[in-house]
Amino acid sequence: MSEQPNSTAAAIETVEDCPHCGKPLPLCICDSVTPIESRISLLILQHPQEQDRALGTARLTAMHFKDAVVKIGLSWPSLSKALGRPVHDPSRWAVLYLGSAKVSDLDTDAEIVAINRKGELEPHQRAILGDIEGIVLLDGTWSQAKALWWRNAWMLKC
């Protein structure tokens, strides 16, 4: 009687990953992505535990913007180090926050607003939003994003 190959080993196939988005090739949609020209840079800081090649969207999001960078880790000494290039004025960078502050609760018609650390509208919205050079996006669960926020004190300058 001949031995049958191990069914578990036969069931596991190695699926190659796309070198651009990191997703398994059957899930890759890179050929349908057309990068958007934008004057605003994008820095995605991804918590190391958020990496999921099948479900993760950080790399795919970055591919949609010509000037986007994804960094995986917990902390960087400065915005310049995280971005990989000099940043002369971190105050021209915003941290995207999709938290408890609701635009509908604020006295504004705008969909995007600049708020302070207390969740209050900053004065001179048009000037602030028009002067933004880049956006830092934290990729992770709420607790992972909070860890990224607290481990990178330089974000307080953004």
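Let's start with the nonpolar core, meaning a set of buried Ala, Val, Leu, Ile, Met, Phe, Trp, Tyr and Cys residues joined through side-chain atoms within 4.5 Å. The largest one here has 14 residues, and those with the most contacts inside it are Leu-43, Leu-45, Leu-79, Trp-93, Val-136, Leu-138 and Trp-154. The elements that give two or more residues to this core are S1, H3, S4 and H5, and H3 supplies the largest share, three residues. When I say buried, I mean under 20% relative accessible area; exposed is over 50%, and partly exposed is in between, with a 1.4 Å probe and protein chains only.

A word on what you are looking at: this is a predicted model, where local features need pLDDT of at least 70 and side-chain atom pairs count only at pLDDT 80 or more, while totals for chains, interfaces and linings use all residues. Residues are numbered from 1 along each chain as its sequence is written, and side-chain values use heavy atoms, with hydrogens and water left out.

Now the overall layout. The protein chain has five helices and four strands, where helices (H or I, at least four residues) and strands (E, at least two) are DSSP runs numbered from the N terminus. Along the sequence the pattern reads α-β-α-β-α-β-α-β-α. Of the 158 residues, 25% count as buried. Contact, for me, means heavy atoms within 4.5 Å. Among contacts between residues at least 6 apart in sequence, 64% join residues at least 24 apart. The chain exposes about 11200 Å², and carbon and sulfur atoms supply 54% of that; the areas come from the Shrake-Rupley method with a 1.4 Å probe, and for residues only the protein chains shown count as cover.

Back to the core for one residue, Leu-45. Leaving aside its neighbours within four places in sequence, Leu-45 is in contact with ten residues that you can click through, including Trp-76, Ala-82, Val-136, Leu-138, Leu-148 and Trp-154.

Leu-148 brings us to helix H5. Which residues of H5 are buried? They are Gln-144, Ala-145 and Leu-148. Seen down the axis of H5, these buried residues fall within an arc of 100°, so they line one face of the helix; the arc is that of the directions from the helix axis to the C-beta atoms. They pack against strand S1 (41-46) and strand S4 (134-139). Turn the helix around, and the face away from the buried side carries the exposed residues Trp-142, Ser-143, Lys-146 and Trp-150.

Just past that helix is a residue I like, Asn-152, in the segment after H5 (142-151). Asn-152 counts as buried because its relative accessibility is 1%. Its side chain reaches the backbone oxygen of Leu-148 at 2.7 Å, a polar contact, that is, a pair of N or O atoms within 3.5 Å; within protein, one must be able to donate a hydrogen and the other to accept it, and residues adjacent in sequence count only if both atoms are side-chain atoms. Setting aside neighbours within four places in sequence, Asn-152 is in contact with Leu-74, Ser-75 and Trp-76.

On to charges. Side chains of opposite charge can pair when their charged atoms come close. I call it a salt bridge when a side-chain nitrogen of Lys or Arg is within 4 Å of a carboxyl oxygen of Asp or Glu, and by this rule the count comes to five.

Glu-37 forms one with Lys-66, the closest N and O atoms being 3.6 Å apart. That pair links distant parts of the chain, 29 residues apart: Glu-37 in the loop between helix H1 (7-11) and S1, Lys-66 in the loop between helix H2 (58-63) and strand S2 (68-72). Both Glu-37 and Lys-66 are exposed.

Next, the side chains of Arg-92 and Glu-133 meet in a salt bridge at 3.8 Å, N to O. Arg-92 lies in the loop between H3 and S3 and Glu-133 in the loop between H4 and S4, so the pair ties together parts that are 41 residues apart in sequence. Arg-85 pairs with Asp-67, with closest N and O atoms 3.9 Å apart. Asp-67, Arg-85, Arg-92, Asp-131 and Glu-133 are linked in a network of salt bridges.

One last stop, at His-124. Most residues other than glycine have a negative phi. His-124 has a positive phi of about 65° although it is not a glycine. His-124 lies in the loop between strand S3 (93-95) and helix H4 (125-130), and at 64% relative accessibility it counts as exposed.
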